[in-house]
Amino acid sequence: MKFTTVSVSYSRKFNLGNFESLDLGCSLWAQVEDGEDADGITQFLYQQAKTSVKLAAMPVLKASEFQINKAKSSKKVSGDVNENDW
(Lines give C-alpha, C1' and ligand atoms only; values in the text may rest on other atoms or scores of the structure.)
Protein backbone atom coordinates (compact mmCIF):
# COMPACT_ATOMS: atom_id res chain seq x y z
CA MET A 1 0.00 0.00 0.00
CA LYS A 2 1.35 3.44 -0.92
CA PHE A 3 0.78 6.29 1.54
CA THR A 4 1.13 9.87 0.43
CA THR A 5 -0.15 11.76 3.48
CA VAL A 6 -0.37 10.83 7.15
CA SER A 7 -2.51 12.81 9.58
CA VAL A 8 -2.85 12.64 13.35
CA SER A 9 -5.25 14.43 15.67
CA TYR A 10 -4.91 14.61 19.45
CA SER A 11 -7.30 16.32 21.84
CA ARG A 12 -7.73 16.43 25.56
CA LYS A 13 -10.28 17.91 27.95
CA PHE A 14 -9.07 19.17 31.33
CA ASN A 15 -11.46 19.65 34.24
CA LEU A 16 -10.89 23.06 35.85
CA GLY A 17 -13.53 22.63 38.55
CA ASN A 18 -16.68 24.70 39.10
CA PHE A 19 -18.22 23.24 35.93
CA GLU A 20 -15.42 24.67 33.79
CA SER A 21 -13.20 22.76 31.40
CA LEU A 22 -10.44 23.38 28.91
CA ASP A 23 -10.67 21.48 25.62
CA LEU A 24 -7.54 21.61 23.45
CA GLY A 25 -6.61 19.81 20.26
CA CYS A 26 -3.92 19.62 17.63
CA SER A 27 -3.94 18.11 14.13
CA LEU A 28 -0.76 17.48 12.14
CA TRP A 29 -0.14 16.22 8.62
CA ALA A 30 2.99 14.98 6.88
CA GLN A 31 3.86 13.95 3.35
CA VAL A 32 5.30 10.43 3.17
CA GLU A 33 7.76 9.65 0.42
CA ASP A 34 8.34 6.19 -1.07
CA GLY A 35 10.52 4.15 1.25
CA GLU A 36 9.76 6.21 4.37
CA ASP A 37 8.33 4.56 7.48
CA ALA A 38 4.67 5.68 7.65
CA ASP A 39 4.20 4.09 11.09
CA GLY A 40 7.26 5.90 12.45
CA ILE A 41 6.05 9.20 11.02
CA THR A 42 2.62 8.61 12.55
CA GLN A 43 4.15 7.98 15.99
CA PHE A 44 6.32 11.09 15.65
CA LEU A 45 3.30 13.23 14.72
CA TYR A 46 1.32 11.80 17.65
CA GLN A 47 4.07 12.70 20.14
CA GLN A 48 4.39 16.19 18.64
CA ALA A 49 0.62 16.79 18.84
CA LYS A 50 0.46 15.50 22.43
CA THR A 51 3.36 17.74 23.45
CA SER A 52 1.76 20.76 21.78
CA VAL A 53 -1.51 20.24 23.65
CA LYS A 54 0.31 19.82 26.95
CA LEU A 55 2.38 22.96 26.42
CA ALA A 56 -0.72 24.98 25.50
CA ALA A 57 -2.56 23.71 28.60
CA MET A 58 0.18 24.29 31.17
CA PRO A 59 -0.41 28.03 31.84
CA VAL A 60 -4.11 27.43 32.49
CA LEU A 61 -3.54 24.29 34.57
CA LYS A 62 -0.90 26.00 36.70
CA ALA A 63 -3.43 28.74 37.48
CA SER A 64 -6.24 26.27 38.24
CA GLU A 65 -6.58 25.59 41.97
CA PHE A 66 -8.66 22.49 41.18
CA GLN A 67 -5.90 20.96 39.01
CA ILE A 68 -3.18 21.82 41.53
CA ASN A 69 -5.11 20.10 44.32
CA LYS A 70 -5.85 17.14 42.07
CA ALA A 71 -2.17 16.70 41.18
CA LYS A 72 -1.13 17.00 44.82
CA SER A 73 -3.66 14.45 46.03
CA SER A 74 -2.88 11.94 43.28
CA LYS A 75 0.87 12.11 43.89
CA LYS A 76 0.60 12.81 47.62
CA VAL A 77 3.25 15.50 47.36
CA SER A 78 3.71 18.20 49.93
CA GLY A 79 5.76 20.69 47.92
CA ASP A 80 5.63 22.12 44.43
CA VAL A 81 3.72 20.21 41.81
CA ASN A 82 5.77 19.00 38.85
CA GLU A 83 4.45 19.56 35.30
CA ASN A 84 4.64 15.79 34.74
CA ASP A 85 1.88 15.35 37.32
CA TRP A 86 -0.66 16.57 34.75
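Here are some questions and replies on how features of this predicted model get their names.

Me: What kind of model is this, and which pLDDT do local features need?
Reply: This is a predicted model, where local features need pLDDT of at least 70, side-chain atom pairs count only at pLDDT 80 or more, and totals for chains, interfaces and linings use all residues. Residues are numbered from 1 along each chain as its sequence is written, and side-chain values use heavy atoms, with hydrogens and water left out.

Me: How many helices and strands are there, and what makes a run count as one?
Reply: The protein has two helices and two strands. Both kinds are DSSP runs, numbered from the N terminus: helices are H or I with at least four residues, strands are E with at least two. From the N terminus on, the order is β-β-α-α.

Me: Why is Tyr10 called buried?
Reply: Its relative accessible area is 15%. Buried means under 20%, exposed means over 50%, and partly exposed lies in between (1.4 Å probe, protein chains only). Tyr10 is therefore buried. Buried residues make up 28% of the 86 residues in the protein.

Me: Why does Tyr46 count as partly exposed?
Reply: Tyr46 has 29% relative accessibility. That value falls between the two cut-offs, so Tyr46 is partly exposed.

Me: What makes Tyr10 and Tyr46 an aromatic pair, and which kind is it?
Reply: Their rings are 5.6 Å apart, centre to centre. Rings of Phe, Tyr and Trp (its six-membered ring) pair if their centres lie within 6.5 Å, so these two qualify. The planes stand 80 degrees apart. Under 30 degrees counts as stacked, over 60 as edge-to-face and the rest as tilted, so this pair is edge-to-face. By this rule the count comes to one aromatic pair.

Me: Which parts does the pair of Tyr10 and Tyr46 tie together?
Reply: Tyr10 lies in strand 1 (residues 5–17) and Tyr46 in helix 1 (residues 38–63), so the pair links parts that are 36 residues apart in sequence.

Me: What makes Arg12, Lys50, Lys54 and Lys70 a patch of positive charge?
Reply: Lys and Arg count as positive, Asp and Glu as negative; His and the chain ends are not counted. A charge patch takes residues with over 30% relative accessible area and no salt bridge, with like charges joined within 9 Å. A salt bridge is a side-chain nitrogen of Lys or Arg within 4 Å of a carboxyl oxygen of Asp or Glu. Arg12, in strand 1, has 34%. Lys50, in helix 1, has 35%. Both values pass the 30% cut-off, so Arg12 and Lys50 can belong to a patch.

Me: Which residues form the negative surface patch?
Reply: Glu33, Asp34, Glu36, Asp37 and Asp39 form it. Asp39 lies in helix 1. At 60%, Asp39 is over the 50% cut-off, so Asp39 is exposed.

Me: Where is Asn18, and what is notable about its phi?
Reply: Asn18 sits in the loop between strand 1 and strand 2 (20–31). Its phi is near 50 degrees, a positive value in a residue other than glycine. Most residues other than glycine have a negative phi.

Me: How do you know that Phe19 is exposed?
Reply: Phe19 has 91% relative accessibility, over the 50% cut-off, so Phe19 counts as exposed. Phe19 lies in the loop between strand 1 and strand 2. Its phi is near 60 degrees, a positive value in a residue other than glycine.

Note on methods
Patch = residues over 30% accessible without salt bridge, like charges linked within 9 Å, V, L, I, M, F, W, Y side chains within 5 Å. Areas by Shrake-Rupley, 256 points an atom, 1.4 Å probe, with all protein chains shown as cover. Charge placed at Lys NZ, Arg CZ, Asp CG, Glu CD.
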